[in-house]
Amino acid sequence: MFLRWMRPSLSAIFLTSAMLNLFSIPAIAEITKGEDLFDRPMSWAAGGWPLNTTIDIRDSLVDAALGKVVIDRHGEDPLGSFFKSPFVAPSPGRFVIISLWGSKIEGCFVKTIFQYSPADGQADLKALVPVRLELGIGGQILQLTPTQTSKPRGFQQNYTYSQSSGSSSYKRSSTWYMTESLFAVNSNAANLLSSATPAVMRARLTFADGDSKIFLIGENTVKNWQTAYAFNAACKEPN
């Protein structure tokens with residue numbers, strides 16, 4: 001049997017071109033957020049915020065570039081059911097650690113947001129303020145302390161949740177708490193973060209009452225550190 005080479009028809013060429021267009025990968029749109037949005041109390045588990053990707057921080061009035069940041073989150077539901085969902089909503093026992101990594105015109109930073117809904121609905125906001133952030137990176141421990149120029153902030157909010165008893169379900173009320181703290185990052189620390197090999201990393205947040213939480217940082221967040229800290233690699237204010 002002989003195979004004969006055949007010249008493709010015009011319709012076949014158009015079909016191939018259409019298929020290429022159909023399966024072509026569209027360009028990823030740039031994600032931007034106004035600076036003022038970062039000053040507002042963040043929703044539970046950073047709901048509605050883009051995670052694990054670089055965000056351009058823009059001036060809310062003139063749309064000028066002010067910095068870049070990548071947001072990560074870690075949550076636990078120790079008192080939850082088999083299907084644990086710490087990011088869905090506050091519920092007794094749940095906590096979420098949100099971390100923002102990046103640089104702005106003023107310098108480099110890590111911002112931590114600790115959100116906690118205690119089992120009994122009672123907590124001391126001052127005790128929930130972080131005093132130290134440690135990160136295992138490249139076989140060494142990077143330790144960061146809060147900045148002296150920015151005071152931590154605390155918030156609390158009431159919420160309702162469902163509780164089941166037998167075949168009945170009840171609505172309960174409780175309170176969840178949130179603290180925000182800013183950690184200083186110098187050029188050496190920024191360089192260490194920027195050059196990290198993308199992988200899931202472990203970090204420890206220690207609070208004013210001596211308690212600490214181990215949390216995980218996602219691989220895509222680590223990958224985006226390079227871009228987030230490149231905006232101001234020197235981590236210094238302009239002259």
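Strands here are DSSP runs of E at least two residues long, and they are numbered from the N terminus. With that in hand, we can take a friendly walk through this model, which is a predicted one.

Let's start with the overall layout. The protein has eleven strands and three helices. Following the chain from its beginning, you meet them in the order α-β-β-β-β-β-β-β-β-β-α-β-β-α. Of the 239 residues in the protein, 39% are buried. Among contacts with a separation of 6 or more, 63% join residues that lie 24 or more positions apart.

The largest pocket is a good place to look next. Its volume comes to about 660 Å³. It is lined by 24 residues, and those closest to the pocket centre are K104, F109, K111, S150 and L182. Several strands contribute to this lining: β4 (95–104), β5 and β9 (168–185) each provide at least two residues. The largest share belongs to β9, with five residues. As for chemical character, the lining of the largest pocket holds eleven nonpolar, eight charged and five polar residues.

Now turn to the helices. Helix α2, residues 187–194, packs with helix α3, residues 219–230; the angle is about 145 degrees and the axes are 8 Å apart. On the α2 side the contact is made by A190, L193 and S194, while α3 brings W225, Q226 and Y229. Sorted by class, this contact of α2 with α3 has four nonpolar residues, two polar ones and no charged ones.

Staying at that end of the chain, find N232 in the segment after α3. Is N232 buried or exposed? Its relative accessibility is 11%, so N232 counts as buried, since the term applies under 20%. A polar atom of the N232 side chain lies 3.0 Å from the backbone oxygen of K236. Setting aside neighbours within four places in sequence, N232 is in contact with S103, K104, I105, E106, G107 and C108. One of these, K104, you have already met among the residues closest to the centre of the largest pocket.

Two loop residues round out the tour. The loop between β5 (107–116) and β6 (130–137) contains S117. S117 has a relative accessibility of 0% and therefore counts as buried. What does the side chain of S117 reach? It reaches the backbone oxygen of S91, at 2.6 Å. Beyond residues up to four places away in sequence, S117 touches W44, P90, S91, P92, G93, R94, Y159, T175 and W176. S91 thus appears both in the list of residues that S117 touches and as the owner of the backbone oxygen reached by the S117 side chain.

The other loop residue is P152, placed between β7 (140–144) and β8 (153–165). With a relative accessible area of 43%, P152 is partly exposed, because that class runs between the 20% limit for buried and the 50% limit for exposed. P152 and V129 are 23 residues apart along the chain, and their C-alpha atoms are separated by 7.0 Å. V129 is also in contact with P152, as are E180 and S181, when neighbours within four places in sequence are left aside.

Definitions and conventions:
Residues are numbered from 1 along each chain as its sequence is written. This is a predicted model: local features need pLDDT of at least 70, side-chain atom pairs count only at pLDDT 80 or more; totals for chains, interfaces and linings use all residues. Side-chain values use heavy atoms; hydrogens and water are left out. Helices (H or I, at least four residues) and strands (E, at least two) are DSSP runs, numbered from the N terminus. Buried means under 20% relative accessible area, exposed over 50%, partly exposed in between (1.4 Å probe, protein chains only). A polar contact is a pair of N or O atoms within 3.5 Å; within protein, one must be able to donate a hydrogen and the other to accept it, and residues adjacent in sequence count only if both atoms are side-chain atoms. Contact means heavy atoms within 4.5 Å. Axes are lines fitted to C-alpha atoms, for helices over the stretch in contact, and angles run from 0 to 180 degrees between N-to-C directions. Ala, Val, Leu, Ile, Met, Phe, Trp, Tyr, Cys and Pro count as nonpolar, Asp, Glu, Lys and Arg as charged, and the others, Gly among them, as polar. On a 1 Å grid over the protein atoms alone, a cavity is a set of points where a 1.4 Å probe fits but cannot get out, and a pocket is an open set with protein on both sides within 12 Å along at least five of seven lines; lining residues have an atom within 4 Å of a point. Grid points are joined across faces, edges and corners, and a volume is the space filled by probe spheres set on the points.
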